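Colleague: I would like a close look at a single part of this model, taken slowly and with its surroundings kept in view. Please choose one strand and follow it outward to whatever lies around it.

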Amino acid sequence: MSISEDILKVLTEPRFRHNGLWVNLVGFPVFGFKNKKSIVNALSYLRSKDYITIEADHIKVSSNGKEYLARKQAMLRVFKSPFSKNAPKNLLVLFDIPEKRKPEREWFRRQLIDFGYNMVQKSVWLGPSPLPKEFVDYVKKIGLKDGIKTFKLAKGIKLE
């Protein structure tokens with residue numbers, strides 16, 4: 001998890017709070033062993049992305065920040081591959097997931113790799129079919145389905 005994600009998590013899941021920050025019992029912010037410059041840079045980044053607002057006496061997570069954190073946490077869902085290593089490649093997957101949804105796009109690519117898919121072009125992948133129902137349902141749930149098209153090939157291809 002990046003320091004930016006740590007900061008958003010700290011701000012949205014308070015335990016002991018002081019001036020809007022999650023702190024330990026003695027009042028020090030809880031960011032693990034990050035140096036001050038890293039924290040300042042991460043706060044600047046979060047502010048530039050409109051994930052937080054910094055006011056005179058506190059820091060607040062914006063609705064954009066809450067959505068970003070929810071998307072990042074949703075990506076933690078990992079699906080096991082039901083396919084054997086030598087399964088024929090008979091499904092072409094094309095996707096166009098916008099840049100603003102980059103974390104989901106990267107998750108989707110990683111999941112295709114885990115399912116034994118091979119990249120033909122950046123957003124064109126070839127692999128076994130059918131995609132697991134739970135995976136397809138999850139893709140719908142997180143709002144990616146409209147940017148994904150699949151094509152079943154008449155004959156499977158074995159890639160070496």
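Modeller: What follows is one connected account of strand β5 and its surroundings.

The model is a predicted one, and within it β5 covers residues 89–95. Of the 7 residues of this strand 5 are buried, so β5 is largely enclosed by the rest of the structure.

Part of that setting is an open sheet of 4 strands, arranged in the order β6-β7-β5-β8 with antiparallel pairing. Its edge strands are β6 (118–121) and β8, each of which pairs on one side only, and neighbouring strands are turned against each other by 25 degrees on average when direction is ignored. On one side β5 pairs with β8 in the antiparallel sense over 6 bridges, and here L94 has K149 of β8 as its bridge partner. β5 also pairs with β7 (residues 124–127), again in the antiparallel sense, over 4 bridges, with L91 bridged to G127 of β7. From β7 the sheet continues to β6 through 3 antiparallel bridges, where M119 is the bridge partner of W125.

Against this sheet lies a helix: α4 lies across β5, β7 and β8, and runs at about 175 degrees to β5. The strand and the helix also meet in the largest nonpolar core, which has 20 residues and in which V93, W107 and F108 have the most contacts; β5, α4 (102–114) and α5 (133–141) each supply at least two of its residues. Residues up to four places away in sequence left aside, V93 touches F108, L112, Y117, S123, V124, W125, L131, I148, K149 and T150. Apart from this core lies another, of 14 residues, including I7, I52, I59 and L69. In soluble globular proteins, nonpolar side chains tend to be buried together.

The edge strand β8 deserves a last word, at I157, which is found in this strand of residues 148–157. Is I157 buried or exposed? Neither term applies, because its relative accessible area is 36%, which makes I157 partly exposed. Beyond its neighbours within four places in sequence, I157 is in contact with P88, K89 and L126, and K89 falls within the residue range of β5. I157 also lies 8.7 Å from G127, C-alpha to C-alpha, although 30 residues separate the two in sequence; G127 is the residue of β7 that is bridged to L91.

How values were computed
Residues numbered from 1 in each chain as written. Predicted model: local features only at pLDDT ≥ 70, side-chain atom pairs only at ≥ 80, totals over all residues. Heavy atoms only, no water. Core = buried A, V, L, I, M, F, W, Y, C linked by side-chain atoms within 4.5 Å. Buried < 20%, exposed > 50% of the residue type's maximum accessible area, 1.4 Å probe, protein only. Contact = heavy atoms within 4.5 Å. Pairing = 2+ DSSP bridges. Axes fitted to C-alpha atoms, helices over the stretch in contact; angles between N-to-C directions.
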